[in-house]
Amino acid sequence: MPTNLPAKCTQLEREYREAKSLEGKIRALEAYIGSIPEHKGTMKLRSHLKTKLAKLREELENRRRSKAGASGRTAFDIKKTGAAQVLILGLTQVGKSQLLKALTNAAVEIGNRPYTTLAPVVGMMPYQDIQLSLVEAPAIMEGASEGKAWGPQVLGLARNSDGILLVLAADQDLGLQLQILLDELKAFGIHPRKGKQPRIDVQPTSSGGVRVFCANKFHGSLENVPRLAAEEDVRNAVIKILDEASEEDVKLALSQKTVQKPMLVAVNKADLASSEDTGNLPLSEGENLPLIQVSAKEGGGLEELKRRLFDFLGIMRVYPRRPGQPEPDKPLILRRGEKVSDAASRIHTDLRRRFRYAKLWGPSAKYPGEKVGLDFPLRDGDLIEIYLK
Ligand SMILES: Nc1nc2c(ncn2[C@@H]2O[C@H](COP(=O)(O)OP(=O)(O)OP(=O)(O)O)[C@@H](O)[C@H]2O)c(=O)[nH]1
Ligand SMILES: [Mg+2]
């Protein structure tokens, strides 16, 4: 411990050491850290204590979570598998289960009474050489965001998914169905992802302080983020910076406190309606969501839907091959627009540092084996070999 700390620090340090409960320790440590003057001489100590604080908060969060259920897990705790996870969301009886079954062959009950599906059901959808996981959520109803039925759990799944497939029934009022779904999502801070705005998800939490995940995408000082958050009155949150972003971008995202998800609308039961009925779907607030008509029962539009599902997620496959090996490894799943540097750090954190150049084959290569650097943007289907220093 640096010797030149004010007396108040020493006192608070003792209170922290002597605190008995986990909550007490966290409170005392927060006060202790807050009392340490910020200069170069105390940097190491502050960083050490902040790590300690993060650990204590995590322990508290885990304890709370395991109290929630005897096993700590509920039917709504769904592990992410496959290249990405899409949540199937809709009002009751629109054909969510029928669609899940048609796309994934999952064993799911298709019913003709409302609220047949009572817990999330997962199915894996093969798409070319990868699999996407589709999750049917129990039906949403008006008031879900305020706690009706399993609303908050379902909306929690939506917040954790990589994309949302909004299913409407062609024989019901389309505008009204879509409006209800979007309103409930928005009330929960989930908005359709639009245009070029960098993806920065801000998910308020009940404790744990401000935690930032940025994978080298943030062009600002991480130390400033808690202050930016405090200015927007955000004390506890998980902030995920998924695209290249500046401090200004983060500030904007903090003021909105939302997460943005890709959304695709599937108008199901197209076999029951004429195409004029669905051609001019009155979209609320000018939301220009991509839309596709399908019939889960008769199979119409399903191949196109699979393609659109891959497409709307904004992901791409890049095949890394070890130099000297004949075959590439399994594809890396990257976001469209990501670069050689993102592929490198995905393979191994050290690869970026030791990177010399990459050789490229596939859609982005001007000629087979083109030499490229870390900043080179990749495309779906590219194959790369990375050479090290
Ligand atoms: N005509 C027609 N009927 C369909 C289609 N898809 C589903 N259905 C029927 O719609 C009813 C409800 O289907 P489900 O797949 O169980 O609907 P869901 O949205 O999962 O319903 P809940 O789980 O109860 O919320 C069943 O009677 C299905 O046979 C379709 O494409 N065309
Ligand atoms: Mg169902």
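This is a short tour of a predicted model, one selection at a time.

**Stop 1: the domains**

Start by colouring the protein by its domain assignment, which gives domain 1 (7-68), domain 2 (85-193 + 262-312), domain 3 (201-255) and domain 4 (315-388). Now look at domain 2 and domain 3: their C-alpha centres lie 30 Å apart.

**Stop 2: helix H2**

Select residues 22-35, which make up helix H2. This helix has 14 residues, and from its first C-alpha to its last it reaches 20 Å, close to the 20 Å expected at 1.5 Å a residue. Show the side chains of Lys25, Ile26, Leu29 and Tyr32, the buried residues of H2. Turn the view so that you look down the axis of H2: these buried residues fall within an arc of 130°, so they line one face of the helix.

**Stop 3: strand E1**

Next, select residues 85-90, strand E1. Is this strand enclosed or open? Six of its six residues are buried, so E1 is largely enclosed by the rest of the structure. Gln85, Leu87 and Leu89 lie on one side, Val86, Ile88 and Gly90 on the other, and both faces are covered.

Which strands does E1 pair with? One is strand E3 (residues 130-136), which runs parallel to E1 and is joined to it by four bridges. To find a spot where they meet, select Leu87 and look opposite, where Val135 stands in E3. Another is strand E4 (residues 163-169), parallel to E1 and joined to it by five bridges. Two places show this pairing: Val86 has Gly163 as its bridge partner in E4, and Gly90 has Val167.

**Stop 4: strand E4 and on to E10**

Keep E4 selected. Seven of its seven residues are buried, and the strand is mostly covered. Gly163, Leu165, Val167 and Ala169 point one way, while Ile164, Leu166 and Leu168 point the other way. From here, follow the six bridges that join E4 to E10, with the two strands running parallel. Val167, the partner of Gly90 in E1, also stands opposite Ala266 in E10.

**Stop 5: two residues with positive phi**

Follow E10 (263-268) to its end and select Lys269, in the loop between this strand and helix H9 (275-279). Lys269 has a positive phi of about 65° although it is not a glycine. Is Lys269 buried or exposed? A residue counts as buried when 20 or more other C-beta atoms lie within 10 Å of its own. Lys269 has 23 such atoms, so it is buried.

Now jump to Asn105, in the loop between helix H4 (96-104) and strand E2 (121-127). Asn105 is not a glycine either, and its phi is positive at about 70°. Its surroundings are another matter: the cut-off for an exposed residue is 12 or fewer of those atoms, and Asn105 has 12 other C-beta atoms within 10 Å, so it is exposed.

**Stop 6: the open sheet E6-E8-E7**

Select E6, E8 and E7, three strands that form an open sheet in that order, with mixed pairing. The edge strands are E6 (200-204) and E7 (210-213), each pairing on one side only. From one strand to the next, the twist averages 15°. Zoom in on E6 and E8 (residues 237-241), which pair in the antiparallel sense over five bridges. Here you can find Gln203 opposite Val238 in E8.

**Stop 7: helix H8**

Add residues 247-256, helix H8, which lies across E6 and E8 and runs at about 40° to E6. Which residues of H8 are buried? They are Val250, Ala253 and Leu254. Seen down the axis of H8, they fall within an arc of 100°, so they line one face of the helix. These residues pack against E6, helix H7 (225-231) and E8. Just after the helix, select Lys257, whose phi is positive at about 50°.

**Last stop: Ala245**

Finally, step back to Ala245, in the loop between E8 and H8. It is buried, with 20 other C-beta atoms within 10 Å. Leaving aside neighbours within four places in sequence, its contacts are Pro198, Ile200, Lys217, Phe218, His219 and Val250. That list includes one of the buried residues of H8, Val250. To close, draw a distance from Ala245 to Thr117: they are 128 residues apart in sequence and 40 Å apart in space, C-alpha to C-alpha.

Note on methods: Residues numbered from 1 in each chain as written. Chains lettered and ligands numbered in written order. Predicted model: local features only at pLDDT ≥ 70, side-chain atom pairs only at ≥ 80, totals over all residues. Pairing = 2+ DSSP bridges. Axes fitted to C-alpha atoms, helices over the stretch in contact; angles between N-to-C directions. Contact = placed C-beta atoms within 7 Å. Arc of directions from axis to C-beta. Expected span 1.5 Å × (residues − 1). Domains from an automatic or database assignment.
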